[in-house]
Amino acid sequence: MKNPARSYLRAVRRLGFLFATAAVSLIIAWPPDRLAAAAGQGLPATDDPGREILEKFQSIFPDDEDLAVYGLDWAPTLKVAKARAAMEHRPIFLIFVTNSFGNIYTGHC
Amino acid sequence: MTSVHTAKENLAEVEPDARKIFAESALSRDPNRLNVFLFMLDERGEVVHECHGVPGGRRSGPDRSDWSAEIAKSLEKLILPKALPPLANQSPLRSLPDLADGTASGLPAGVRIFVRQGDPSSSPRGHLPIVEVVPMKPDDWKPLAWSPETRTIEAANLRDWLVWLYPAAIRTADESKRFQKFEGSLVLEPTGRDDTSRHALLRGEIHLSKGSESQSEFEGKFEAVLTYRLNSPHLQSVRAVVEGVYLYRQRGTNPQKLRAVIESRPGEPR
């Protein structure tokens, strides 16, 4: 059984990676065959440039490990976070960024 | 977890509670400060621990922190129960940006864009996707409506998607001015049908710029597979790939390889 505190620490470290190259891994199983999903779009199996695009799409599409930061429980604002913290008896982790138009949540930071 | 961002020195656009926390912290007055700060709050919203937010790593110093050590300190101060109640959302990607519902017309609610930097085989940054969502109104989809004939669509029709094609970690001055010009003609070509839907491809070269050659640009290739219902011109789904180079202009030009995928949402379960 996973230790929630340990998973939390791992994911937070990964968030820190946005600013540095410190690595962290949160191993989540690769989703089942994505090419099968692409085939589910109904394209012919052969001789179709659409298939090439969908295969490229699947190869670029991030896997769950790449998206591990979204396994954290994000709130859109501190106000929302505080309301939830009070209701759920949880602490809040606040990241405050100055001199930036970016957004840590989306990754454009 | 939540985050606050501002580029204004007076913090005017920051929500009041967050502004107060930062303004009253010793970090805000630290002459060594960089621009990222961490605060751990208890369930009442009271700060129990604070530290600089730029990770230390090999470049440790008074303006940086070891996140693991600081979080461990925070956890000691928080006096948490042995077991927190389970989260309401147990999904492993519970916070992944998304659009929940489609429109009443059956059109997608919008698109989700994943932007990836560099070559993932050589660049650690390439593994960290940027995720943006773009809500769409029914009229926004009209340029992509089904056509039995091949036709051309100007890239400017997709400006709300393409505006996100820039990397992370660029300077604030560059990010604050988004792309202004969206050039390129994309060919929308019907390719066939099956029992449940019709298909088309949308392909072409795109060039995005900010109005001056001294500012950053993007050059690349856009390719998409579109599906439509059999009896409606309305688009059903889109899956697009964009590959190109962000010409980052900051005292010279630094080309940065970018790849992105764009998917209509809601879509098939991941």
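**Stop 1: the largest nonpolar core**

Start with the largest nonpolar core of this predicted model. It has 43 residues. Select Trp161(B), Leu202(B) and Phe222(B): these have the most contacts inside the core.

Next, colour the elements that feed it. Each of these pieces of chain B supplies at least two core residues:

- strand 4 (110-117) and strand 5 (130-135)
- helix 3 (159-162)
- strand 8 (185-193) and strand 9 (197-209)
- strand 10 (217-229), strand 11 (235-249) and strand 12 (253-265)

Which strand gives the largest share? Strand 11 of chain B does, with six residues.

Now centre on Leu202(B) and show its surroundings. Leave out the neighbours within four places in sequence. Leu202(B) then touches Leu144(B), Ile153(B) and Leu158(B). It also contacts Leu186(B), Val187(B) and Leu188(B). Phe222(B), Glu223(B), Ala224(B) and Leu226(B) complete the list.

A second core is separate from this one. It has 32 residues. Select Phe61(A), Cys109(A), Val54(B) and Val131(B), which are among its members.

**Stop 2: chain B as a whole**

Zoom out and show chain B alone. Switch to cartoon and look for four helices and twelve strands. The C-alpha atoms fill a box of roughly 65 × 50 × 40 Å along the principal axes. Chain B has 270 residues, and 49% of them count as buried.

How much of the contact set links residues 24 or more positions apart? Take the contacts in chain B with a separation of 6 or more: such pairs account for 54% of them.

**Stop 3: where chain B meets chain A**

Bring chain A back. Select the residues in contact across the two chains: 82 belong to chain B and 69 to chain A. The buried area between the chains is about 7,500 Å². Carbon and sulfur atoms give 62% of that area.

Pick out Met1(B), Thr2(B) and Arg239(B). Together they supply 12% of the area that chain B buries against chain A. No other three residues supply more.

Now turn to the polar links. Four salt bridges cross the interface of chain B and chain A. For a salt bridge between the chains, select Glu243(B) and Lys56(A), whose side chains meet at 3.1 Å, N to O. The interface also holds 36 residue pairs in polar contact, both partners at pLDDT 80 or more.

Stay on the side of chain B that touches chain A. Strand 2 (residues 36-41) of chain B gives the most to this side, with six residues. Colour this side by residue type: 47 are nonpolar, 15 polar and 20 charged.

**Stop 4: salt bridges within the chains**

Side chains of opposite charge can pair when their charged atoms come close. Over all chains, the structure has 18 salt bridges.

Go to Arg112(B) and Glu263(B). Their closest N and O atoms are 2.8 Å apart, in a salt bridge. Arg112(B) lies in strand 4 of chain B and Glu263(B) in strand 12 of chain B, so the pair ties together parts that are 151 residues apart in sequence. Are these partners buried or exposed? Both Arg112(B) and Glu263(B) are buried.

Move to chain A and select Asp73(A), Arg84(A), Glu88(A) and Arg90(A). Salt bridges that share partners join these four into one network. Centre on Glu88(A). Its bridge to Arg84(A) has closest N and O atoms 3.2 Å apart. The two residues are four apart in helix 4 (residues 78-88) of chain A, so about one helical turn separates them. Glu88(A) also bridges to Arg90(A), at 3.3 Å between the closest N and O atoms.

Compare how these residues sit. Glu88(A) is partly exposed, with a relative accessible area of 21%. Arg84(A) is partly exposed too, at 27%. Arg90(A) is buried, at 13%.

**Stop 5: Glu217(B)**

Finish in strand 10 of chain B, where Glu217(B) lies. Glu217(B) is buried, with a relative accessible area of 10%. Which side chain does it join in a polar contact of 2.6 Å? The partner is Arg249(B).

Now show what surrounds Glu217(B), leaving aside neighbours within four places in sequence. Phe179(B), His207(B), Leu208(B) and Ser209(B) are in contact with Glu217(B). So are Val245(B), Tyr246(B), Leu247(B) and Arg249(B).

Definitions and conventions
Residues numbered from 1 in each chain as written. Chains lettered and ligands numbered in written order. Predicted model: local features only at pLDDT ≥ 70, side-chain atom pairs only at ≥ 80, totals over all residues. Heavy atoms only, no water. Core = buried A, V, L, I, M, F, W, Y, C linked by side-chain atoms within 4.5 Å. Buried < 20%, exposed > 50% of the residue type's maximum accessible area, 1.4 Å probe, protein only. Contact = heavy atoms within 4.5 Å. Buried area = accessible area lost by both parts, 1.4 Å probe. Polar contact = N/O pair within 3.5 Å; in protein donor to acceptor, adjacent residues only side chain to side chain. Nonpolar A, V, L, I, M, F, W, Y, C, P; charged D, E, K, R; others polar.
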